[in-house]
Amino acid sequence: MNKIFFTEEHELFRQSLRAFLNKEVRPNIEQWEADEEIPRSIYKRFGEMGFMGVTYPEKYGGMGLDTFFSVVYTEEMIKMNSSGFNTSIGAHAGLALAHINGEGSEDQKQNYLTPGLAGKRIGCLAITEPSGGSDVASISTKASRDGDHFIINGSKTFISNGVLSDYIVAAVRTGGPGAKGLSMVIIDRETPGVSATKLKKMGWHASDTGEIAFDNVRIPDSQLLGEENKGFFYIMQHFASERLGMALIAVSQAQLALDLAIDYMAEREVFGRTIDKFQVLRHRIAQLSSEVTSARAFVYLLYKQYSEGDYIIKEAAMAKLVTTQLSDKVCYECMRLFGGYGYMESYPMARLLRDSQLGTIGGGTSEVLCEIISKMIIDTKEYKAVI
Ligand SMILES: Cc1cc2nc3c(=O)[nH]c(=O)nc-3n(C[C@H](O)[C@H](O)[C@H](O)COP(=O)(O)OP(=O)(O)OC[C@H]3O[C@@H](n4cnc5c(N)ncnc54)[C@H](O)[C@@H]3O)c2cc1C
């Protein structure tokens with residue numbers, strides 16, 4: 001399968017990224033998990049190495065590479081076994097910068113994208129609100145016009161990089177009720193009236209997750225991203241690549257769980273033989289590996305379609321739905337193959353299992369994905385690209 005999707009250049013890139021991660025990231029993961037954040041210096045190192053902007057335009061400091069380089073990137077990042085670390089980089093490079101690259105003006109790209117790809121100015125994407133994340137069209141954070149400024153009031157929650165980022169790409173209500181009244185704006189952290197508090201959570205420990213409040217925050221209307229009242233459609237458009245990315249993360253996590261379990265099974269002796277000789281366990285690995293390999297083939301295929309410009313709203317939702325549930329199952333089964341050690345923090349499976357479980361929640365819960373898929377396949381609803 002690899003030869004269909006990856007070239008020799010992709011493999012060379014994989015080797016160099018892997019060497020970098022093993023040297024500069026892996027030895028620090030335990031500390032960053034304990035700190036519940038990653039240091040500024042690692043963003044800068046990603047920027048210096050070019051790894052922050054694998055597919056972004058070279059004009060702004062990206063590498064301008066094809067989509068399958070970003071697939072390689074994600075697969076190697078997940079091998080660090082810290083979704084918190086992956087999210088700290090990803091919420092900036094994959095979410096905030098995606099909106100700025102997609103809808104930003106030239107000035108906004110110079111101010112945020114270029115320093116962002118250099119790892120010097122870090123962003124977050126703030127859509128979810130305390131009153132609910134699934135129903136994006138009901139967002140209530142209000143941006144009222146005051147001449148050539150907006151005054152923003154409201155709050156956001158569960159925001160990755162929500163406390164430590166330098167700016168917030170936020171969804172706000174500039175118009176009437178419903179999907180057609182939303183816009184995207186960039187709010188600099190130091191603007192008076194912006195405050196944030198850090199949240200404690202079950203997994204993703206190396207990621208800073210925060211609640212952000214906006215109290216009469218005044219920003220110039222030049223901070224509007226794209227067109228006024230088109231925010232909902234921008235969010236939906238970016239959701240396709242975000243969900244596809246989460247599907248790739250899920251199959252990569254599941255593969256990591258299997259790889260770790262297979263290594264462990266070759267070493268662990270019980271009843272005078274290693275546990276990889278027990279047929280019931282061998283069959284379990286065979287079954288799970290078959291499911292993960294099949295799911296990965298679907299994800300690679302969607303990346304191919306996406307790279308050729310197909311608008312894959314339904315398929316990305318399907319991929320995220322299936323793969324995140326599969327990852328939870330595989331991580332759980334593989335954790336059990338470690339026996340009591342699977343439950344210990346000094347072994348990798350406990351973190352892998354709890355980190356996996358955000359997959360079915362973030363970026364659209366499984367129920368919300370089923371809503372989208374059922375509307376498209378039962379009611380034949382269609383979504384059209386706006387960008
Ligand atoms: C660690 C973490 C990091 C996150 N990072 C970000 C971030 O960077 N930026 C950001 O904007 N958000 C972020 N989120 C928020 C995430 O996207 C939301 O939690 C998610 O969209 C669900 O929203 P909610 O939590 O408000 O749940 P709700 O919308 O309150 O849903 C509650 C339950 O109801 C179900 N439900 C909702 N609607 C329906 C329906 N129509 N039919 C059936 N069931 C339904 C849901 O599936 C869920 O089980 C993050 C969340 C976490 C936990």
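**How domain 1 meets domain 2**

The chain here splits into three parts: domain 1 covers 2-122, domain 2 covers 124-229, and domain 3 covers 232-377. Keep in mind that you're looking at a predicted model. This briefing sticks to the place where domain 1 and domain 2 touch.

**Size of the interface**

- Going by C-alpha atoms, the centres of domain 1 and domain 2 sit 23 Å apart.
- On the domain 1 side, 28 residues make contact, and they meet 24 residues of domain 2.
- People often describe how big an interface is by the accessible area that is lost when the parts come together.
- For domain 1 and domain 2, the area buried between them comes to about 2,200 Å², with 53% of it on carbon and sulfur atoms.

**Salt bridges and polar contacts**

- Four salt bridges turn up across the interface of domain 1 and domain 2.
- If you want a pair to look for, try D166 and R40: their side chains form a salt bridge, with 2.9 Å from N to O.
- Polar contacts link 16 residue pairs between domain 1 and domain 2, counting pairs with both residues at pLDDT 80 or more.

**What domain 1 brings to the contact**

- Four elements each give two or more residues to the side of domain 1 that touches domain 2: α3 (29-35), α4 (40-49), α6 (83-103) and α7 (106-117).
- The top contributor to that side is α6, which supplies 13 residues.
- Sorted by class, the side of domain 1 facing this contact with domain 2 holds 11 nonpolar, nine polar and eight charged residues.

Technical notes: Residues are numbered from 1 along each chain as its sequence is written. This is a predicted model: local features need pLDDT of at least 70, side-chain atom pairs count only at pLDDT 80 or more; totals for chains, interfaces and linings use all residues. Side-chain values use heavy atoms; hydrogens and water are left out. Domain bounds come from an automatic or database domain assignment. Contact means heavy atoms within 4.5 Å. Buried area is the accessible area (1.4 Å probe) that two parts lose on being put together, summed over both. A polar contact is a pair of N or O atoms within 3.5 Å; within protein, one must be able to donate a hydrogen and the other to accept it, and residues adjacent in sequence count only if both atoms are side-chain atoms. Ala, Val, Leu, Ile, Met, Phe, Trp, Tyr, Cys and Pro count as nonpolar, Asp, Glu, Lys and Arg as charged, and the others, Gly among them, as polar.
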